[in-house]
Amino acid sequence: MQEPQVLVTPDGSRTAYSARYGETYGSRHGAAAQAGHVFVRGSGTDTHPAPQVLEVGFGLGVNFRATLAARAGQALDYLAYEFDPAPASLLAEVAQGEPGSDHPIWPLLLESWPAQPTGELRLEAGEVRLRVIFVDIRAAELPQNWATALYLDGFSPARNPEVWTPELLLRLARALRGGGVLTTYSAAGHVRRALQAAGLQVSRQPGPPGKREYLRAVRP
Ligand SMILES: C[S@@+](CC[C@H](N)C(=O)[O-])C[C@H]1O[C@@H](n2cnc3c(N)ncnc32)[C@H](O)[C@@H]1O
């Protein structure tokens, strides 16, 4: 596989280009800005008393670090699925000097990050618990009524359609607790309709730099 290339985005944060998908892991218009705006604050995870986050696509860990930074040492339970882990060296390069990389769990993650997508990684440091399950989310057994926040962050629906199907979105909706919030950077009509069909209350929200709108979907 070709090694993804690192790019610096306008807010100074880094992302990388995936040759496999033909697009970047995070927003080219500001990777950290999108992580904070859409996922962390959009889902209310920054202010939640005891968040339980489920993430589709751990990728480079940008959303995880943005969440760590926003929580400033408070409790966080984070469960992510990833079927094609990027090299630890790439996660490290993208994170260097960036918010969240100073949390004690980050070097533990880099040390134990696997080269192959097998099994799972379980780490704890202070109030933070992280599990990354290296499996295709379509084949994963998902928790039910568990997540206070769900970060739906696959590559785009055009390039990575299998993580945006009505079937998977229905299963993801069931992983949310009542009052739990799913956010995603995509505002595509078919994604919005599938989230509504899954029983979620969907709204379009003003987007981060480079994106007019994103979707926020709440389980009633
Ligand atoms: C846009 S990137 C995620 C970026 C990441 N959230 C971050 O903060 O760095 C999408 C990720 O989803 C993963 N992915 C795509 N399809 C998947 C699937 N079916 N099961 C599990 N992971 C998947 C990709 O390998 C990629 O790492």
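# Close-up views of a predicted protein model

**View 1. The whole protein, with its 6 helices and 11 strands.** This is a predicted model, and its radius of gyration is 16 Å, close to the 17 Å that the globule rule gives for 220 residues, so the protein is as compact as a globular protein of that length. If you follow the C-alpha trace along its principal axes, you get a span of about 40 × 35 × 30 Å. Buried residues account for 53% of the 220 in the protein. Now take the contacts with a separation of 6 or more: 64% of them are between residues 24 or more positions apart.

**View 2. The surface and the charges of the protein.** About 9500 Å² of the protein is accessible surface, and carbon and sulfur atoms hold 49% of that. As for charge, count 21 positive side chains and 21 negative ones. The centres of those two sets sit 9 Å from each other.

**View 3. The annotated stretch, residues 104-219.** An unreviewed UniProt entry carries the annotation "domain: MnmC-like methyltransferase" for residues 104-219. In the model, 23% of this span is helix and 34% is strand. Pick out the C-alpha atoms at its two ends and you'll find them 33 Å apart.

**View 4. F58 and the residues around it.** Look for F58 in the loop between β4 (residues 52-56) and α2. Is F58 buried or exposed? With a relative accessible area of 2%, it falls under the 20% cut-off, so F58 is buried. Which residues does F58 touch, once its neighbours within four places in sequence are set aside? The aromatic names to look for are F64, Y78, Y81 and W113, and the list also includes A80, E82, L91, L109, L130 and V132. One of these partners, L130, is 72 residues away from F58 in sequence, yet their C-alpha atoms are 11 Å apart in space.

**View 5. A32 in helix α1.** Helix α1 runs over residues 31-41, and A32 is part of it. A32 has 31% relative accessibility, which means that it counts as partly exposed. Skip the neighbours within four places in sequence, and A32 is in contact with D11 and S13. R65 is another residue to find here: 33 residues separate R65 from A32 along the chain, while 9.2 Å separates their C-alpha atoms.

**View 6. A92 in helix α3.** Here you're looking at helix α3, residues 88-95, which holds A92. Like any residue between the two accessibility cut-offs, 20% and 50%, A92 counts as partly exposed, because its relative accessibility is 29%. How far apart in space are A92 and L109? Going from C-alpha to C-alpha, the distance is 9.8 Å, with their positions 17 residues apart in sequence.

**View 7. A72, a loop residue with a positive phi.** A72 belongs to the loop that joins α2 (residues 62-71) and β5 (residues 76-81). Its phi is near 45°, which is positive even though A72 isn't a glycine. Why point that out? Most residues other than glycine have a negative phi. A72 also counts as exposed, because its relative accessibility is 64%.

**View 8. N145 and A139, two residues of one loop.** Between β7 (residues 128-133) and β8 (residues 147-152) there is a loop, and N145 is found in it. A139 lies in the loop between β7 and β8 too. What is the phi of N145? It is near 50°, a positive value in a residue other than glycine. On accessibility, N145 comes to 46% and so counts as partly exposed. A139 comes to 63%, so A139 counts as exposed. To place A139 against another part of the chain, find E111: the C-alpha atoms of A139 and E111 are 27 Å apart, with the two residues 28 apart in sequence.

Key: Residues are numbered from 1 along each chain as its sequence is written. This is a predicted model: local features need pLDDT of at least 70, side-chain atom pairs count only at pLDDT 80 or more; totals for chains, interfaces and linings use all residues. Side-chain values use heavy atoms; hydrogens and water are left out. Helices (H or I, at least four residues) and strands (E, at least two) are DSSP runs, numbered from the N terminus. The radius of gyration is taken over C-alpha atoms; the globule rule is 2.2 Å times the number of residues to the power 0.38. Buried means under 20% relative accessible area, exposed over 50%, partly exposed in between (1.4 Å probe, protein chains only). Contact means heavy atoms within 4.5 Å. Accessible areas come from the Shrake-Rupley method with a 1.4 Å probe; for residues, only the protein chains shown count as cover. Lys and Arg count as positive and Asp and Glu as negative; His and the chain ends are not counted. The place of a charge is taken as NZ of Lys, CZ of Arg, CG of Asp or CD of Glu. UniProt positions are given in the numbering used here, feature names are shortened, and annotations may be inferred rather than shown by experiment.
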